Each structure stands twice: as C-alpha cells, then as structure tokens.
Amino acid sequence: MKDNLQKLEIELEKVNLDRFYSQKLYKDYIFNFQRVSDFYQYDFRKISEYFKRASDIYNGYNHTLRSRISSILKVYNSEHGCQVKTLENISSLEDEKTLVVIGGHQPGLLVSPLFIIYKILTILKVSSFLEKELGVKVIPCLWNASDDGNLASIKVAKILNRDLEEITLNLNDIGEDTRYSNIVLPASVFRKVIEELKNVLTP
C-alpha cells in the first residue's frame, strides 16, 4: 500500500489569469516546480516526499521538548476557553508519530480578509488528506501572528453591503505603536462594530 501511495502526485488545476499570480516565483512553484526545485528541500507534488519529510521529523524527535510544548499549549489554550478537541490534539503532540500542518496569519477585524478563512480550510483539508495517506495522526494548526506590526490590516474590515457597495468597518481606538499582543479593547468597541455590520447587511 505504501509503495503505491509513494507513486501518487498531487494534481493542480491552473487558473488562466496572469493577475492571479502576484509573483512569477509563486506561479513557477505551483505549476513549473522543476524551475525552482533547487531552492526547496522537498517536492510538494509527490506523496513520497511527505513520507520523507515525516521520516526526517521522526529522526529529530525530542520527547522532552514535545512534552514541554504540549504542556505550554494546554495551559495557554485552556485559559482562552478552547474546545475539548483542541486539548486532545495538543495531547497528541507528545506521540512521536504525530505530525502537524501549520500555517499562519496576523489577526484581523472580523477575521478579514476572506482569504484567511480559505487558508484555515486549506490547512484542515491538507491535514485530513495527509492523515489518510501517511496513516498517522496529523494535527491542523493556524498560528496567530499576534506580534505582526501591520496595524492597518487589523483595524479594518471591508465588506459589500446589500447594494454591492464596498463598506469599511474600522477600529479607531488602536494606537499605531501598539503591539498586537498588548492591545486590549473593551467589549463595547466590538459590539459597536457588530451593530454597524448588522445595519449594513440587513434590509
């Protein structure tokens, strides 16, 4: 079974719009990987490379370090009212065969922009796919880059109203020199934004 899996390749469907690809490097990475393969350790298109990556991770497994990370994450996530499934996944980190698919993004008002949601869904789908293909526990993880310095992106959310006009919702109370992790806003600020959103979307 494993030998058959290693022969599989991930197929990608090309979007024929040049403006969709912000950089030529990105386009080559997706569709012409051979042009840039010297810059990467693994070929993401080949299932066999995921087996190789898993093997490399297992070879570097450190039980003490994994246990410490697991303990820290349990405390942190419990304090933030996480779900039971989250704690189960964190506990699984101590198993030497557990793998993680991780992605990250800075926080944004009302989760904006929309592609963050697509990124989360992609992490979930890739984790599920690899768990089946590799036959081991694969945990999805979205890293919240809360010390990112781009405050302009956290303060606003752009949406379309019922007339398909672009509307901007804004948090005006965040200081430009404040680190994300030090920002504390009262619930009333978010209630105000949510009320604005309701007024924009409902007839």
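**Note on side-chain interactions in the predicted model**

1. Ser70 is found in helix 4, and the structure discussed here, like every value quoted for it, belongs to a predicted model. With a relative accessible area of 0%, Ser70 is buried. Leaving aside residues up to four places away in sequence, Ser70 touches Ile90, Ser91 and Glu94. Two of its interactions can be described at the level of atoms: the Ser70 side chain reaches the backbone oxygen of Ile90 at 3.0 Å, and the side chain of Ser70 also makes a polar contact, at 3.4 Å, with the side chain of Glu94.

2. Glu94 deserves a second look, since its side chain also meets that of Lys74 in a salt bridge, with an N to O distance of 3.8 Å. Lys74 lies in helix 4 (residues 63–79), whereas Glu94 belongs to the loop between helix 5 (84–92) and strand 1 (99–105), so this pair ties together parts of the chain that are 20 residues apart in sequence. Both ends of the bridge are partly exposed: Lys74 has a relative accessible area of 28%, and Glu94 has one of 27%. The distance of 3.8 Å should be read against the cut-off of 4 Å that is applied to salt bridges. Glu94 therefore takes part both in the salt bridge with Lys74 and in the polar contact with the buried Ser70.

3. How many salt bridges does a search of the whole structure find? The count is 6, and the general background is that side chains of opposite charge can pair when their charged atoms come close. One of these bridges joins Asp28 to Lys24, the closest N and O atoms being 3.1 Å apart. The two residues are 4 residues apart in helix 2 (residues 24–31), which means that about one helical turn separates Asp28 from Lys24. Their surroundings are unlike in accessibility, for Asp28 counts as buried at 8% relative accessibility, while Lys24 is exposed, with a relative accessible area of 60%. The pair does not stand alone, as Lys24, Asp28 and Arg35 are linked in a network of salt bridges.

4. A further salt bridge is formed by Arg45 and Asp43, whose closest N and O atoms are 2.7 Å apart. Here both partners, Arg45 and Asp43, are buried, in contrast to the bridge of Lys74 and Glu94, where Lys74 is partly exposed and Glu94 is partly exposed as well.

5. Turning to the aromatic side chains, the count comes to 5 aromatic pairs. In one of them, Tyr29 and Phe33 have ring centres 5.5 Å apart and ring planes at 70 degrees, so the pair is edge-to-face. Tyr29 is partly exposed, with a relative accessible area of 23%, whereas Phe33 is buried, with a relative accessible area of 2%. Tyr29 also pairs with Tyr40: the centres of these rings are 4.9 Å apart and their planes lie at 55 degrees, so this pair is tilted. The pair of Tyr29 and Tyr40 links distant parts of the chain, with Tyr29 in helix 2 and Tyr40 in the loop between helix 2 and helix 3 (47–59), 11 residues apart. Tyr40, for its part, counts as partly exposed at 34% relative accessibility. Taken together, ring pairs link Tyr29, Phe33, Tyr40 and Phe44 into a cluster.

6. An aromatic ring is also involved in an interaction with a charged group, in that the charged end of Lys97 sits over the ring of Tyr58, 4.0 Å from the centre of that ring.

7. Gln106 is found in the loop between strand 1 and helix 6 (115–134). At 16% relative accessibility, Gln106 counts as buried; the cut-off for that label is under 20% relative accessible area. The side chain of Gln106 makes a polar contact with the side chain of His105, at 3.2 Å.

8. Finally, on the cysteines: how many disulfides does a search of the whole structure find? The answer is 0. Two cysteines may be noted for their accessibility, namely Cys82, which is partly exposed with a relative accessible area of 24%, and Cys141, which is partly exposed with a relative accessible area of 28%.

Methods
Residues are numbered from 1 along each chain as its sequence is written. This is a predicted model: local features need pLDDT of at least 70, side-chain atom pairs count only at pLDDT 80 or more; totals for chains, interfaces and linings use all residues. Side-chain values use heavy atoms; hydrogens and water are left out. Buried means under 20% relative accessible area, exposed over 50%, partly exposed in between (1.4 Å probe, protein chains only). A polar contact is a pair of N or O atoms within 3.5 Å; within protein, one must be able to donate a hydrogen and the other to accept it, and residues adjacent in sequence count only if both atoms are side-chain atoms. Contact means heavy atoms within 4.5 Å. A disulfide is a pair of cysteine sulfur atoms within 2.5 Å. Rings of Phe, Tyr and Trp (its six-membered ring) pair if their centres lie within 6.5 Å; planes under 30 degrees apart count as stacked, over 60 as edge-to-face and the rest as tilted. A charge sits over a ring if NZ of Lys or CZ of Arg is within 6 Å of the ring centre and within 35 degrees of the ring normal.
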